[in-house]
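Biologist: Hi, do you have a few minutes to go through this one with me? I'd like to start with the charged side chains and then move on to the fold.

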Amino acid sequence: MAVKIKTQAGTIEISNEVIATVVGGAATDIYGIVGMASKNQIKDNLNDILRKENYSRGVVVRQEENGVGIDVYTIVSYGTKISEVSRNVQESVKYNLETMLGVTANSVNVLVQGVRVLPE
């Protein structure tokens with residue numbers, strides 16, 4: 001499915017893949033996020049960190065009445081405050097969706113799938 005935005009000149013359709021890429025980019029830019037995790041860990045390999053071209057595997061986009069609902073599957077860095085990192089992801093995702101795509105995020109659920117110790 002795609003998000004449809006009606007304008008005076010016509011209709012703009014934004015695919016879920018595009019939304020997932022914007023969400024993944026916004027999430028991985030946050031300090032404390034190691035990377036994106038797959039929403040289907042058993043099928044896709046439990047310990048993989050997703051690359052940019054696979055962000056849609058770690059993001060679920062649900063069409064809602066006045067916008068979208070987003071689930072973001074992340075891996076967090078050891079030693080960071082998970083609640084604060086997750087809150088920053090929520091704010092960044094909402095901001096990027098509204099400024100880049102003109103799409104309103106009704107909810108952004110951050111699901112922490114793992115914690116990684118980063119080498120120094």
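Biologist: Which residues are linked in a network of salt bridges?
Modeller: R62, E64 and D71 are the linked ones. Bear in mind that this is a predicted model.

Biologist: OK, how far apart are the closest N and O atoms of R62 and E64?
Modeller: For R62 and E64 the distance is 3.9 Å. R62 also meets the side chain of D71 in a salt bridge, at 2.9 Å from N to O.

Biologist: Are those three buried or exposed? Start with D71.
Modeller: D71 is buried, at a relative accessible area of 13%. R62 is partly exposed, with 29%, and E64 is partly exposed as well, with 32%.

Biologist: Why does D71 count as buried?
Modeller: Because the cut-off for buried is under 20% relative accessible area, and D71 has 13%.

Biologist: How many salt bridges does the structure hold?
Modeller: Three. Besides the two in the network, R87 forms one with E84, and their closest N and O atoms are 2.9 Å apart.

Biologist: Where do R87 and E84 lie?
Modeller: Both are in helix α3, three residues apart, which is about one turn of the helix. R87 is partly exposed at 40% relative accessibility, and E84 is partly exposed at 35%.

Biologist: Let's change topic to the fold. How many helices and strands are there?
Modeller: The protein chain has three helices and six strands. Along the sequence they follow the pattern β-β-α-β-α-β-β-α-β.

Biologist: I keep looking at β5. How many of its residues are buried?
Modeller: 11 of the 11 residues of β5 are buried, so this strand is largely enclosed by the rest of the structure.

Biologist: Which way does strand β3 run relative to β5, parallel or antiparallel?
Modeller: Antiparallel, with three bridges joining β3 (residues 33–36) to β5. As a landmark, M36 stands opposite T74 in β5.

Biologist: And how many bridges join β4 to β5?
Modeller: Six, and this pair is antiparallel too. V61 stands opposite I70 there. β4 and β5 form a hairpin, with two residues between them.

Biologist: What about β6? In which sense do β5 and β6 pair?
Modeller: In the parallel sense, over 10 bridges. D71, the buried residue of the salt-bridge network, stands opposite N109 in β6. From β5 the chain crosses through helix α3 (residues 82–101) to β6, and this β-α-β crossover is right-handed.

Biologist: Let's look at the end of β5. Is S77 buried or exposed?
Modeller: S77 is buried, with a relative accessible area of 12%. S77 is part of β5, which spans residues 67–77.

Biologist: What does S77 touch?
Modeller: Leaving aside residues up to four places away in sequence, S77 touches G32, V34, V115, R116 and L118. Of the strands that pair with β5, β3 covers residues 33–36 and β6 covers residues 105–116.

Biologist: Now the core. How many residues does the largest nonpolar core have?
Modeller: It has 27 residues, and those with the most contacts inside it are I19, V23, I70 and L97. Several elements take part: α1, β3, β4, β5, α3 and β6 each supply at least two residues.

Biologist: Which of them gives the most to this core?
Modeller: Helix α1 does, with six residues.

Biologist: I70 has come up twice now. Which residues does I70 touch?
Modeller: Its contacts beyond four places in sequence include I19, V23 and L97, which share with I70 the top rank for contacts in the core. I70 also touches V59, V60, V61 and R62, as well as S107, V108 and N109.

Biologist: Why might nonpolar side chains gather like that?
Modeller: In soluble globular proteins, nonpolar side chains tend to be buried together.

Biologist: One more for the whole chain. What share of the residues is buried?
Modeller: Buried residues make up 40% of the 120 in the protein chain. The accessible surface comes to about 7300 Å², and 48% of that belongs to carbon and sulfur atoms.

Biologist: And how many of the contacts join residues at least 24 apart?
Modeller: 64%, among contacts between residues at least 6 apart in sequence.

How values were computed:
Residues are numbered from 1 along each chain as its sequence is written. This is a predicted model: local features need pLDDT of at least 70, side-chain atom pairs count only at pLDDT 80 or more; totals for chains, interfaces and linings use all residues. Side-chain values use heavy atoms; hydrogens and water are left out. Helices (H or I, at least four residues) and strands (E, at least two) are DSSP runs, numbered from the N terminus. Buried means under 20% relative accessible area, exposed over 50%, partly exposed in between (1.4 Å probe, protein chains only). Contact means heavy atoms within 4.5 Å. Two strands pair if DSSP finds at least two bridges between them. A crossover is right-handed if, with the strands pointing away from the viewer, the path from the first strand over the helix to the second runs clockwise. A nonpolar core is a set of buried Ala, Val, Leu, Ile, Met, Phe, Trp, Tyr and Cys residues joined through side-chain atoms within 4.5 Å. A salt bridge is a side-chain nitrogen of Lys or Arg within 4 Å of a carboxyl oxygen of Asp or Glu. Accessible areas come from the Shrake-Rupley method with a 1.4 Å probe; for residues, only the protein chains shown count as cover.
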